[in-house]
Amino acid sequence: MRPIALKRRANRTVVYALLALVALWLVGPFLWLFVTSVSYQRNLLARPLAFIPPEITFDNYRRILGLVRFHAELQAAKILPSMLNSVIVAIAVTIVNLIVGTTAGYAYARFRVPLKMLSLFALLFTRMLPTIVLIPAYFLLFKALGLQNTLTGLVLAYCSFTLPFTIWIMKAYFETIPADLDKSALVDGCNRLQAYYRVVLPVSGPGLVAGGAFTFMLCWNEFIVAQVLNTKLGTTTLPPVIAGMNAQINIDYSVIAASGFLSALPAVLLVLAFQKYMVQGLTAGSVKG
Amino acid sequence: MLVICLVIVFPLAYSLWMSFADVNLLRATGPALELFGVRIPLFRYVGLQNYARLLADPLYWDAFWRTAYFVGAFVCETTVVGLGMALVLQERFLGRPLMRSLLLIPWSLSRVVVGLLWIGILDVEFGALNGLLYKAGLIESYVSFLKSGFSALNVLVSVYMWNQAPFATLLLLAGMQSIPMELYMAAEVDGAGYWQRLRYVTLPALRGILFLILVVSTVNGFLMLDLIYILTMGGPGNETTTISWLGFQTAFQFFKFGPGTAILYTLTVLCLLLTVVYHKIVFRRLEAAEL
């Protein structure tokens, strides 16, 4: 018996060592971002580097929130307005996706839509399509339509990227709900729309949460489209502003780290809050992300 | 559906048209399409000229082979690390739900933030990795990981992998949960060790998901752009310029929309071709397996 018990214990040790390694790999870099954001730049430059910061400061956060004056305050002053833009755009896109995407998903899951296979295939095709190939066209079209540098334009562009995902996720989700449920609602005197709104949607909470949270995350994190389409001051979202700060030499890394951490927090918290639904929804719809 | 046609198919056709045209953004005259009072410039048709110049351009071919290396390395790393993490997390241990939450952190970060935090680790002046290696006495002075082209390219691969592999792990874990326990028990009764169970039970069952990861990470690898923007801007020189960056640069830094869209279209075609090839291979495999 003894050698086997010994081997078991050795196995356990190996497993926990590997786990510690994986955990460090997953969270370490993000934690380090936080550590740098509450450090003074001079302590980051010190050699040898102290991994536990000798001084902790929230000066960097005060700077980017405009509470303390410093040399790059003009740059930093863009953070809060662009964060507001990010919130508006992400929420608008999420709402459109939830209304249009779920209804379309429901239609695909339940009805014989004309050209169903073809249009589903087209949706799948758009997922394989590089979004950057569309950006030059959007650039010129939005210029012609006067949508350049507007949040409306950004919402429109994001909807075109996110709707195919939402439709696929919701279609997969509705297919897990028994069709008998709609049928009994129809027998009870609902019309199709009522059956959808009163009976099917209320039991689709997890699917809606998954689709909505995923859409919000994509929009919140998107960088290239916002960078290209909304170049005018005050019209862009958070990621381009932070990237712009990063490109400037005279801004301390600790300040940039603070703004990066601040911008990452909403998405991370959202994903962690809804992780159960998201993992289910995403592995069902198996989305690229 | 109509809306989708409008917001995807039309821009798609329009940028395809641009790839065949001599786009001059400064000129306001010239042929144009009038639609509901909106003037959409059509530019001068130049046929295959954009593509011909492109294919004769050594810069493009450099970017092409670099992209091939990037995608290859990225797909391998993502699959191996994703599978490795899945195998570790599949074990039974305390705090398993917590570990699965941690998986979502790298994946839910914006690529801008991913780039930033790796700058914090790799930077030549304040990077934590440099600090660690220096402390351990492995290096005499701080190393600049992004200075030489090849190492910068590999850094990009690994950073992108850090961001994407957890998603592969999630998919694999979901797949592993659907493997019936009896298979493992039977294998154990037959005397199979850990590696044999992995080889003959786990991996065959995960074939579909592994294929999916292959396709998705190939496409994502081809399209990766934001990390290049944050970390290297295609440099040093052109040594981290992939096709997607070349196209982006040509279109939006030099404002040459014609050649830019042509480059991006070659990328699109590559992605679609590879997806089709993958499909073919896997279907043949599956048929062979059934016979």
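This briefing describes how chains A and B meet, how selected helices pack, and where selected side chains make their contacts. The model is a predicted one. Between the two chains about 7100 Å² is buried, with carbon and sulfur atoms giving 81% of that area, while the count of salt bridges between chain B and chain A is zero.

**Interface between chain B and chain A**

- The contact involves 85 residues of chain B and 77 residues of chain A, and the area buried between these chains comes to about 7100 Å².
- Although no salt bridge is counted between chain B and chain A, eight residue pairs are found in polar contact across the interface, with both residues of each pair at pLDDT 80 or more.
- On the side of chain B that touches chain A, helix α4 of chain B (residues 96-108) provides the largest share, namely ten residues.
- That side of chain B is made up of 64 nonpolar, 13 polar and eight charged residues.

**Helix packing within chain A**

- Helix α5 of chain A (residues 79-110) and helix α8 of chain A (residues 151-175) cross at roughly 40°, and their axes come within 6 Å.
- The crossing of α5(A) with α8(A) is right-handed, and the residues of this contact comprise 19 nonpolar, seven polar and three charged.

**Helix packing between the chains**

- Helix α14 of chain A (residues 253-273) packs with helix α5 of chain B (residues 111-122) at an angle of about 145°, the axes being 10 Å apart, and the crossing of α14(A) and α5(B) is left-handed.
- From α14(A) the contact draws on Y253(A), I256(A), G260(A), S263(A) and A264(A), and from α5(B) on V113(B), L116(B), L117(B), I119(B) and G120(B).
- By residue class, the contact of α14(A) with α5(B) contains seven nonpolar and three polar residues, and no charged ones.

**Salt bridges**

- Over all chains, a search of the whole structure finds two salt bridges, and one pair that meets in a salt bridge is D226(B) with R111(B), at 3.6 Å from N to O.
- This pair links distant parts of the chain, since D226(B) lies in helix α11 of chain B (residues 226-231) and R111(B) in helix α5 of chain B, 115 residues apart.

**Surroundings of L262(A)**

- Helix α14 of chain A, which packs with α5(B), also holds L262(A).
- Leaving aside residues up to four places away in sequence, L262(A) touches Y61(A), I64(A), L65(A) and M83(A).
- Of these partners, I64(A) is 198 residues from L262(A) in sequence, yet the two are 9.7 Å apart in space, C-alpha to C-alpha.

Conventions: Residues numbered from 1 in each chain as written. Chains lettered and ligands numbered in written order. Predicted model: local features only at pLDDT ≥ 70, side-chain atom pairs only at ≥ 80, totals over all residues. Heavy atoms only, no water. Contact = heavy atoms within 4.5 Å. Buried area = accessible area lost by both parts, 1.4 Å probe. Salt bridge = Lys/Arg side-chain N within 4 Å of Asp/Glu carboxyl O. Polar contact = N/O pair within 3.5 Å; in protein donor to acceptor, adjacent residues only side chain to side chain. Helix = DSSP H or I, 4+ residues; strand = E, 2+ residues; numbered from the N terminus. Nonpolar A, V, L, I, M, F, W, Y, C, P; charged D, E, K, R; others polar. Axes fitted to C-alpha atoms, helices over the stretch in contact; angles between N-to-C directions. Left-handed = near helix turned anticlockwise from the far one by under 90°.
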